[in-house]
Amino acid sequence: MAASRAVIGVVGAGTMGAGIAQLALESGHEVVLNDIDEEALERGRTRIRQGLARRAAKLDLDADSIDDWVDGRLAGLREAVSLDALGAEAEVIVEAALEDLDLKRTIFAVLDAAAPPESILATNTSALSVAAIAEATNRPERVLGLHFFNPAPIMPLVEVVFAAATDPAAAARAAALVEGWGKTAVRCADTPGFIVNRVNRPFTLEALALLEEGAASVEAIDAAVTAEGFPMGPFELMDLVGIDVNLAAARGVWEGLGRPDRLRPSRIQERLVDEGRLGRKTGAGFYLYDDGRRVSVADEFATGSSTIGSSTLPSSTLGDDAIAERILLAVVNEAWYALGERVATKTDIELALRLGAGHPIGPFERTDRLGGSVAIAAALESLAASGDRFLPAPSLGGD
């Protein structure tokens, strides 16, 4: 059967699973959906219908045609009573269950036993090792990562993650599949954070370091970064995705890479999480919210009226250019680390940062604009007084 019409299995009917199922249905696939929670399945089906309706509304169809289009796609959606049943008939299976290694290994062991040898088993994990998941199977060569970004129907990027045992042909099939769904696929090695969650980590960590030093305020940092063409600043972003979620990702990358000082998680985030101030979803984080709408910076982070450690927060002791330079140089440096460690190619790192993290230009184009790798290394060394995290990546030795 052609890859464009393969039967797609989706494990997990939550936000990500429903979004992935919607994408496959839009492209004309049959989709088999499984979740151990019957209510989750019902919610997932509702999300899928609503998502398809939103998609149809953009197709310039009349009301009756919209209903027909949605119903026609939904006719391809079925529910599997068990993982065994799903594995037996799906040609490509995407697991989108909770981020728990033991749970995923259990799921993959069942799927591996039930699925034909040529089936692809993919995990949507954003943080766990693909190789560690594949250890639960007898055919690790057909296990890979397909990391969609949230919301899956809208975000254009998919990270295709290959472990050491992954068959290149399976990775190529998976990449062609998601590209057929209108996504941009980037290939990356099975390393902590993959591309985006690793290379973009300093975007928030360096902002937090500036705040902790008293060098700039929350509002000044966000303003400086958005002035560079980013859709939102680091503190706006952390509040949106959840400070707890961002901290968990930071810890995972830091631990997985051997605890490098440049990627050490922030004490400010840890304290806010301990206090239950997780951002927009709890009404308070770096900003305060009323019914999901931002109303002001949190009192603790208001300029001239509160403290971080022993320092009263100024509006900013650094100008916008200096604030942006520190954050963006840290991101560029991490991109060079990732390149040197063969996480991905320059082209795929560029695409990933632009499409998955909203960067107006990629880190290597930024390197060129700032004078090349030698100039970047010199700029990083000039910031060494701010900490060892600005030690240049080994691969920045020359153009």
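Student: Why is Arg369 called exposed?

Tutor: Its relative accessible area is 60%, and exposed means over 50%. So Arg369 makes the cut and counts as exposed. Keep in mind that we're looking at a predicted model.

Student: And what makes Glu365 partly exposed?

Tutor: Glu365 comes in at 31% relative accessibility. Buried would need under 20% and exposed over 50%, so Glu365 lands in between and gets the label partly exposed.

Student: How do you know that Arg369 and Glu365 form a salt bridge?

Tutor: Check the closest N and O atoms: they are 2.8 Å apart. The rule asks for a Lys or Arg side-chain nitrogen within 4 Å of an Asp or Glu carboxyl oxygen, so this Arg and Glu pair qualifies. Both residues sit in helix 16, four residues apart, which is about one turn of the helix.

Student: Which residues do salt bridges with shared partners join into one network?

Tutor: That would be Arg198, Arg262, Glu334 and Glu341. By the salt-bridge rule, the count for the structure comes to 29.

Student: What makes the pair of Arg326 and Glu206 a tie between parts that are apart in sequence?

Tutor: Start with the bridge: the closest N and O atoms of Arg326 and Glu206 are 2.6 Å apart, within the 4 Å limit. Arg326 belongs to helix 14 and Glu206 to helix 9, so the bridge links parts 120 residues apart in sequence.

Student: Are those two buried or exposed, and how do you know?

Tutor: Arg326 has a relative accessible area of 5%, and Glu206 has 2%. Buried means under 20%, so Arg326 is buried and Glu206 is buried too.

Student: Why do Arg264 and Asp261 count as partly exposed?

Tutor: Arg264 is at 44% and Asp261 at 42%. Partly exposed is the range between under 20% and over 50%, so the label fits Arg264 and Asp261. Their side chains meet in a salt bridge as well, with an N to O distance of 3.4 Å, again within 4 Å.

Student: Over to the backbone. What makes Phe194 worth flagging?

Tutor: Phe194 has a positive phi of about 55° although it is not a glycine. Most residues other than glycine have a negative phi. Phe194 sits in the loop between strand 8 (184-189) and helix 8 (196-199). With a relative accessible area of 2%, under the 20% cut-off, Phe194 is therefore buried.

Student: Why is Asp60 called exposed?

Tutor: Asp60 shows 76% relative accessibility, and the bar is over 50%, so exposed is the right word. Asp60 also has a positive phi, near 60°, and is found in the loop between helix 2 and helix 3 (63-74).

Student: How do you know that the peptide bond joining Asn150 and Pro151 is cis?

Tutor: Look at omega: for that bond the value is about 0°, and the bond is cis. Most peptide bonds are trans. Pro151 lies in the loop between strand 6 (143-148) and strand 7 (157-162).

Student: Why is Thr204 called buried, and what does Thr204 touch?

Tutor: Thr204's relative accessible area is 2%, and under 20% means buried, so that's settled. Thr204 lies in helix 9 (residues 201-213) and touches Pro234, Met238 and Asn246, leaving aside residues up to four places away in sequence.

Student: What makes Val241 partly exposed, and which patch is it in?

Tutor: Val241 has 39% relative accessibility, between the 20% and 50% cut-offs, so it counts as partly exposed. Val241 lies in helix 11 (residues 234-241). Together with Leu240 and Val245, Val241 forms a nonpolar surface patch with about 230 Å² of accessible area.

Student: What lines the largest cavity?

Tutor: The lining is Leu328, Val331, Val332, His359, Ile361, Gly362, Pro363 and Arg366. Helix 14 (320-340) and helix 16 (363-369) are the elements giving two or more residues, and helix 14 gives the most, with three. The cavity's volume is about 30 Å³.

Conventions
Residues are numbered from 1 along each chain as its sequence is written. This is a predicted model: local features need pLDDT of at least 70, side-chain atom pairs count only at pLDDT 80 or more; totals for chains, interfaces and linings use all residues. Side-chain values use heavy atoms; hydrogens and water are left out. Patches are made of residues with over 30% relative accessible area and no salt bridge: like charges are joined within 9 Å, nonpolar side chains (Val, Leu, Ile, Met, Phe, Trp, Tyr) within 5 Å. Accessible areas come from the Shrake-Rupley method with a 1.4 Å probe; for residues, only the protein chains shown count as cover. Buried means under 20% relative accessible area, exposed over 50%, partly exposed in between (1.4 Å probe, protein chains only). Contact means heavy atoms within 4.5 Å. On a 1 Å grid over the protein atoms alone, a cavity is a set of points where a 1.4 Å probe fits but cannot get out, and a pocket is an open set with protein on both sides within 12 Å along at least five of seven lines; lining residues have an atom within 4 Å of a point. Grid points are joined across faces, edges and corners, and a volume is the space filled by probe spheres set on the points.
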